[in-house]
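Let's take a walk through a protein model together. Keep the 3D view open and turn it as you read.

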Amino acid sequence: MNSSNSRQSIWRPYCQMKTAPSPLEIVSADGFELTTADGRKLIDGMASWWSVCHGYAHPHVVESTLEQLSRLPHVMFGGITHEPAERLAARLAAILPADLDHVFFADSGSVAVEVAMKMAVGYWRRRGQPQRQRFLSFTHAYHGDTTGAMSLCDPDRSMHADYGDAILSQHHSVLPVDDASEAACHELLARHKENIAAVFVEPLVQGAGGMRFHDAETVTRIRRLCDEHDVLMIADEIATGFGRTGTMFAVEACDVVPDIICLGKALTAGTMTMAVTVANSRVFDAFWTDRTADALMHGPTFMANPLACAAANASLDLFDREPRVEQARRMEPKLQAGLAPARELPGVVDVRSRGAIGVIQVESLADVEDLRTRFVDAGLWLRPFGDCVYVTPPLNLPDDLIDRVCSTMVEVMSSRDAGILI
C-alpha cells in the first residue's frame, strides 16, 4: 500500500493527520492474533475496541454470517421484517433484566445513545412535560462522537471539549460515590428536574473518560436519585455489555434496572457494526397510541441489517454454549496479579482490573506513539491514551496469553530508556 497516497485520501480517527505516524497495516486476523503486512503476529489486547468478545473468525460466527450473506445480506427495515431481527430482539429481551423488552435497532453505539435521548425527550412530551429536554451525565463521562452524544460527555475533560459552545448544553455532576457526592447530585436534580429528561450513566466502568471504575452502590444511588426525582435512568452499556465486567450486563452486578439501556460493540462479536437501544414498558407505552404523531421518528438505513443480526445471534449462541461470562470473571484476578508489578514503576498511580479489563494508570504518558510502537515490537497491540495503558482482550483469551499480555505490558513500561513516564 502506498502510505503517502493513504495519508492523503483517508482521514483517520483520533489523530493529528499532519504529524501522526503511518498506521499499522493488518492483513488478517484469527483467534487472538492480528497479522501485519510484514508478517508479524500480534496479540490483540484491545479486542478491536472491546468488540471481538470470542476472538477473531470464530467458526460459528463466520458460518452463520456467510449463510445469511448467501440468502439475505440486507433489506430495509421500514415496513419489512425478517427472522434474524425478530429472533435477536426476542433473545435480547429474554436475557435483559425485568421488562427491558422493546428493542430498537441502530447502526452504532453513538446512534444508540442518540435514540435513547429521543426516546427520553419523546416520553416526557407524551406525558405532557415538553420542557424536559436536557440530560444529566457525570464527570469523566463518554457517550459517543455524534452531536447529541458529545453533549453528554464531560465538557472539560473529554476529547469533545473543543465543541462545547457548538452543542447542546447538558447538566453534569460528580458521580454519587458517597453521601456527600450523592447530596450534590440530589441538589442538582432538585434544582433542574423540571427540564431533565434522564440521567445517563456508564455502569461500573467509565471507558474513554479514563477507564475509571466505581462500585455497584454508586449505580444503586443513581437509580434511587432517578426514582426520587422522577427522571428516567439510561444505562450506556455500549462498552460493558456482553460479559466484559464479569456479568452479562454491568447493571446485573448492581441489582439495578434502568429505563433504557444502550448496547453495541460486542453485540455482533466484532463482526460488523450494529447497536440497539432497549426500553422498558414505561417508556415504550408512551409511544403506543392511535396517533401517528406519537411514533418514534427514527430509522437508520441499515438498522436491523440481517448480516449483523445473524452475527449477533451467533454470538449469543456462544454465550449460551460456552462459559464466556465466567471466563471474564476469572480474568479479573489474573489481570490484577499480572499487572501488579507495575505498581512499583515511577509515575504509576494505580493498577486495577474489573472483569476482562486491566488498567495501569500513570501520572502522564510522555510519548504515546512511541509506547504503542514498543508494544508492537514486543508482539502486542494496545492503544494507550490519556493517562492509561489498558487491556480489554477477547473474553476467552487463554491463561498463558493473559500472562504474556501482562508481562509484556510491565516489561515495556519498565524500559529505562522508554521516556514514557514522567
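Let's begin with a pocket. What kinds of residues make up the lining of the second largest pocket? Sorted by type, the lining has 13 nonpolar residues, one polar residue and no charged ones. Before going further, keep in mind that this is a predicted model.

The pocket's volume comes to about 370 Å³, and 14 residues line it. If you want to find its centre, look for Phe104, Met119, Phe284, Phe287 and Leu296, which lie nearest to that point. Two elements give two or more residues to this lining: strand E4 (102–106) and helix H10 (281–287). E4 provides the largest share, with four residues.

Now zoom out to the whole chain. It is divided into domain 1, made of 3–57 + 323–414, and domain 2, which covers 72–321. Notice how domain 1 is written as two stretches, 3–57 and 323–414. Taken over C-alpha atoms, the centres of the two domains are separated by 27 Å. The domains also touch: 28 residues of domain 1 are in contact with 28 residues of domain 2.

Next, let's look at a sheet. Four strands form an open sheet, and reading across it you meet them in the order E1-E2-E3-E15, with mixed pairing. Strand E1 (26–30) and strand E15 (380–381) are the edge strands; each has a single partner, so one side of each is left without a neighbour in the sheet.

You can trace part of this sheet strand by strand. E1 and strand E2 (residues 33–36) run antiparallel and are joined by four bridges. One pair to look for is Ile26 with its bridge partner in E2, Thr36. E1 and E2 form a hairpin with two residues between them, and Gly31 in that turn has a positive phi of about 60°. The chain then makes another hairpin, from E2 to E3, this one with four residues between the strands. Here it is Gly39 in the turn that has a positive phi, of about 90°. E2 and strand E3 (residues 41–44) are antiparallel and share three bridges, and you'll find Thr35 standing opposite Lys41 in E3. While you're looking at strands, here's a handy rule: in a regular strand, side chains alternate between the two faces of the sheet.

For another set of strands, go to E7 (residues 196–201). Is strand E7 enclosed or open? Six of its six residues are buried, so E7 is largely enclosed by the rest of the structure. Strand E5 (residues 134–138) pairs with E7 in the parallel sense over three bridges, and Arg134 has Ile196 in E7 as its bridge partner. E7 also runs parallel to strand E10 (residues 232–237), with four bridges joining them. In that pairing, Ala198 stands opposite Leu232 in E10.

Let's follow a single residue in a strand. Leu263 lies in strand E11 (residues 260–263). Its relative accessibility is 0%, so it counts as buried. What is Leu263 in contact with, leaving aside its neighbours within four places in sequence? The answer is Leu96, Glu237, Ile238, Gly241, Phe242, Phe249, Ala275 and Val276. Folding also brings Leu263 and Asp236 to 7.0 Å from each other, C-alpha to C-alpha, with their places 27 residues apart in sequence counted as separation.

Finally, visit some loops. Met211 is in the loop between strand E8 (205–206) and strand E9 (212–213). It has a positive phi of about 50° although it is not a glycine. With a relative accessible area of 1%, Met211 is buried. Ala304 tells a similar story in the loop between H10 and helix H11 (306–321). Its phi is positive too, at about 60°, and Ala304 is not a glycine. At 0% relative accessibility, Ala304 is buried.

One more loop residue is Ser158, placed between helix H6 (147–152) and strand E6 (171–173). Is Ser158 buried or exposed? Its relative accessibility is 15%, and since buried means under 20%, Ser158 counts as buried. Leaving aside its neighbours within four places in sequence, Ser158 is in contact with Ala141 and Cys153.

How values were computed:
Residues numbered from 1 in each chain as written. Predicted model: local features only at pLDDT ≥ 70, side-chain atom pairs only at ≥ 80, totals over all residues. Heavy atoms only, no water. Pairing = 2+ DSSP bridges. Buried < 20%, exposed > 50% of the residue type's maximum accessible area, 1.4 Å probe, protein only. 1 Å grid on protein atoms, 1.4 Å probe; cavity = no way out; pocket = protein on both sides within 12 Å on 5 of 7 lines; lining within 4 Å. Points joined across faces, edges and corners; volume = space filled by probe spheres on them. Nonpolar A, V, L, I, M, F, W, Y, C, P; charged D, E, K, R; others polar. Domains from an automatic or database assignment. Contact = heavy atoms within 4.5 Å.
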